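I opened this one to look up a few things and jot them down as I went. Notes follow, roughly in the order I checked.

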Amino acid sequence: MKPFAYEAPTSVDQAVTLLAEKGERARPLAGGTDILVQVRRGFHNLDLLVDVKRIPELVRIDYDAEEGLTLGAAVSCAVLCEHPTLQAHYPGLLDAVSIIGGAAIQGRATLGGNLCNAAPSGDAIAAMIALGGEALVAGPEGRRLVPIASFCTAPGVTALRPGDLVVALRFAPPKPHSGAAYVRFVPRGEMDIAVAGAGAWVALSPGGTTFTDARIALSAVAPTPLYVERAAEALAGQAPGEDAYARAAEAAQEAAKPIDDMRGTAAQRQHLVGVLVKRALRAAVARAGANHAGTGMEA
Amino acid sequence: MTHKQIVTATINGELTEFLCEPHQSLLSCLRDVLSLTGAKEGCNDGNCGACSVILDGRLVNSCLVLGVEIEGREVTTVEGLAGWQALTPLQEAFVAYDALQCGYCTPGMLMAAKSLLDRHPNPTDGEIRAWLAGNLCRCTGYDKIIRAVRAVVPGTAVAPKTAEAPETADVLQTVLETASVDQVKEA
């Protein structure tokens with residue numbers, strides 16, 4: 001590996017200063033499961049890695065029934081999966097978090113890293129888009145919120161500017177009668193990368209008879225994890241059921257722009273999008289049904 | 001620009017100080033600096049699990065950790081499992097169930113299995129298989145490894161199939177008992 005310097009600041013300000021000084025030649029180091037592999041292969045030419053795991057704000061999990069969920073960008077997947085609040089209120093997020101890599105990757109990999117790696121197949125990115133998540137970004141000019149749906153701009157490319165650091169991922173508190181799910185297709189059960197994936201979030205009317213809102217996001221079928229804007233239109237006002245799911249699946253298939261690669265063909269992925277969107281919607285609706293008024297609001 | 005750094009960490013229960021380059025992996029620090037050659041380099045990119053160690057109670061691929069990151073942290077490697085005379089029950093089960101052939105994946109398998117059992121003392125076969133999915137073995141076909149791990153789960157052990165298996169353990173015991181400490185250290 002080409003030599004680089006290492007710093008482990010203990011505040012966001014220190015980290016941003018270090019990153020801003022080096023610009024393109026510095027990167028944050030969270031779990032290291034992508035960046036260290038990429039540096040070793042010569043994909044980046046870095047002078048400095050800034051370890052962000054000693055910054056308290058980046059390794060915290062905060063939940064408040066009013067404010068929602070704030071996940072430090074450098075919390076490991078293993079810690080997220082064991083967290084009772086996430087298990088209770090954000091199972092659709094854990095669907096994706098729990099399938100990234102095997103046990104040893106889970107012990108290190110982070111949501112901030114998954115997002116900044118900006119892989120088209122990033123399972124957690126699609127799941128976070130479906131949940132309507134935002135990235136809290138700190139930079140030389142201060143802090144800002146970036147919708148996760150517009151965070152990734154091309155394979156491996158993000159909306160971050162030199163000196164920027166993703167501090168946390170933020171999600172609204174779960175609405176009553178809402179639910180989310182993420183599913184993917186992989187030939188292996190574990191340690192695999194999505195051939196295609198779909199995340200869905202739905203909100204139902206109090207009686208559960210119609211969709212009041214929905215979001216669908218796809219992975220591995222476009223240059224970035226993809227927010228399917230038209231799927232919400234296809235579902236609004238419809239009754240949960242196979243007809244509505246088929247309409248949403250069709251909208252998702254129209255939005256998808258899959259390619260042929262070593263993991264699958266464009267045609268297979270196009271087909272999978274339909275199957276996976278329906279599966280994600282069925283699971284999300286089932287969770288919404290279980291999530292009665294009030295139960296989603298307790299910490 | 002880059003120079004060696006002093007790192008202080010608890011490794012296998014002992015407070016340890018070592019020097020390493022900032023870009024040196026924990027795996028390289030363990031093997032090349034500290035002469036703890038149990039953890040193996042396979043793929044060096046987080047796919048094979050041969051370098052698995054436990055860092056602050058979490059299983060990690062030591063090839064994907066920088067040595068400098070472990071300042072103040074605790075690391076357990078395969079060398080930290082057994083004492084001079086006695087293997088752990090998990091290691092004994094690997095011997096009794098022939099859960100290794102070439103042995104290259106074994107240190108990583110043992111650390112992965114240990115981390116599973118530390119967290120989930122009663123895993124199902126499916127949970128064992130899923131947990132070990134990040135540890136590749138090209139010899140055993142995995143079944144013997146799964147059986148060995150299951151052997152240390154209370155109430156679920158299946159007796160080793162081969163009559164030789166207990167003898168293998170006996171032979172190892174004899175070696176451990178008769179070899180001088182120096183010989184064991186050299187080996």
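A crossing is left-handed if the near helix is turned anticlockwise from the far one by less than a right angle, and right-handed if clockwise. I want that written down before looking at helix pairs. The model is a predicted one, and I read everything below with that in mind.

**Entry 1: a helix pair in chain A**

I started with helix H10 (residues 242-255) and helix H11 (residues 266-290) of chain A, whose axes come within 8 Å and cross at roughly 135°. That angle makes H10(A) oblique to H11(A). Which hand does the crossing of H10(A) and H11(A) have? I get right-handed for H10(A) and H11(A).

I then listed who makes the contact. From H10(A) I have A:Glu242, A:Tyr245, A:Ala246, A:Ala248, A:Ala249, A:Ala252, A:Gln253 and A:Glu254. From H11(A) the list is A:Gln270, A:His271, A:Val273, A:Gly274, A:Val277, A:Lys278, A:Leu281, A:Arg282 and A:Val285. Sorted by class, the contact of H10(A) with H11(A) has nine nonpolar, four polar and four charged residues. I also reminded myself that an α-helix has 3.6 residues a turn, so residues three or four places apart point the same way.

**Entry 2: A:Leu71**

Still in chain A, I looked up A:Leu71, which sits in strand E5 (residues 68-72). Is A:Leu71 buried or exposed? A:Leu71 is buried, and its relative accessible area is 0%. I noted what it touches beyond four places in sequence: A:Arg60, A:Ile61, A:Leu80, A:Leu86, A:Leu93, A:Leu111, A:Val167, A:Ala168, A:Leu169 and A:Phe171. I also checked A:Leu58, 13 residues away along the chain from A:Leu71, and found 7.7 Å between the two C-alpha atoms.

**Entry 3: chain B overview**

On to chain B, where I count seven helices and five strands. Along the sequence I read the pattern as β-β-α-β-β-β-α-α-α-α-α-α. Chain B has 187 residues, of which 45% are buried. Of the chain B contacts with a separation of 6 or more, 56% join residues 24 or more positions apart.

**Entry 4: H1 of chain B and some positive phi angles**

For helix H1 (residues 26-33) of chain B, I find the buried residues to be B:Leu26, B:Leu27, B:Ser28, B:Cys29 and B:Leu30. What do the buried residues of H1(B) pack against? They meet strand E1 (5-11), strand E2 (14-20), strand E3 (52-55) and strand E5 (74-76) of chain B.

Just after H1(B), B:Ser35 has a positive phi of about 60°. Further on, B:Asn44 has a positive phi of about 60° too, although it is not a glycine; B:Asn44 lies in the loop between H1 and E3 of chain B. I added B:Asp56 to the list, with a positive phi of about 45° and, again, not a glycine. B:Asp56 is in the loop between E3 and strand E4 (58-61) of chain B, and is partly exposed, at 42% relative accessible area.

**Entry 5: H2 of chain B and its partners**

I took helix H2 (residues 89-96) with helix H5 (residues 143-151) of chain B: the axes come within 8 Å and cross at roughly 140°. H2(B) and H5(B) are therefore oblique to each other, and their crossing is right-handed. H2(B) brings B:Leu90, B:Ala93 and B:Phe94, and H5(B) brings B:Ile145, B:Ala148, B:Val149 and B:Ala151. By class I get seven nonpolar, no polar and no charged residues for the contact of H2(B) with H5(B).

Next I paired H2(B) with helix H3 (residues 106-119) of chain B, where the axes come within 10 Å and cross at roughly 130°. H2(B) is thus oblique to H3(B), and the crossing is right-handed. Here B:Leu90, B:Gln91 and B:Phe94 of H2(B) meet B:Thr106, B:Met109, B:Leu110, B:Ala113, B:Lys114 and B:Leu117 of H3(B). The classes in the contact of H2(B) with H3(B) are six nonpolar, two polar and one charged.

**Entry 6: cysteines**

How many disulfides are there over all chains? I get zero. B:Cys102 is in none, and its nearest cysteine sulfur, in B:Cys139, is 3.8 Å away; my cut-off is 2.5 Å. B:Cys102 is exposed, at 58% relative accessible area. The sulfur of B:Cys137 is 3.8 Å from the closest cysteine sulfur, in B:Cys105, too far for a bond. B:Cys137 is buried, at 5%.

Note on methods:
Residues are numbered from 1 along each chain as its sequence is written. Chains are lettered from A and ligands numbered from 1 in the order in which they are written. This is a predicted model: local features need pLDDT of at least 70, side-chain atom pairs count only at pLDDT 80 or more; totals for chains, interfaces and linings use all residues. Side-chain values use heavy atoms; hydrogens and water are left out. Buried means under 20% relative accessible area, exposed over 50%, partly exposed in between (1.4 Å probe, protein chains only). Helices (H or I, at least four residues) and strands (E, at least two) are DSSP runs, numbered from the N terminus. Contact means heavy atoms within 4.5 Å. Axes are lines fitted to C-alpha atoms, for helices over the stretch in contact, and angles run from 0 to 180 degrees between N-to-C directions. Angles under 35 degrees count as roughly parallel, over 145 as roughly antiparallel, 65 to 115 as roughly perpendicular and the rest as oblique. Ala, Val, Leu, Ile, Met, Phe, Trp, Tyr, Cys and Pro count as nonpolar, Asp, Glu, Lys and Arg as charged, and the others, Gly among them, as polar.
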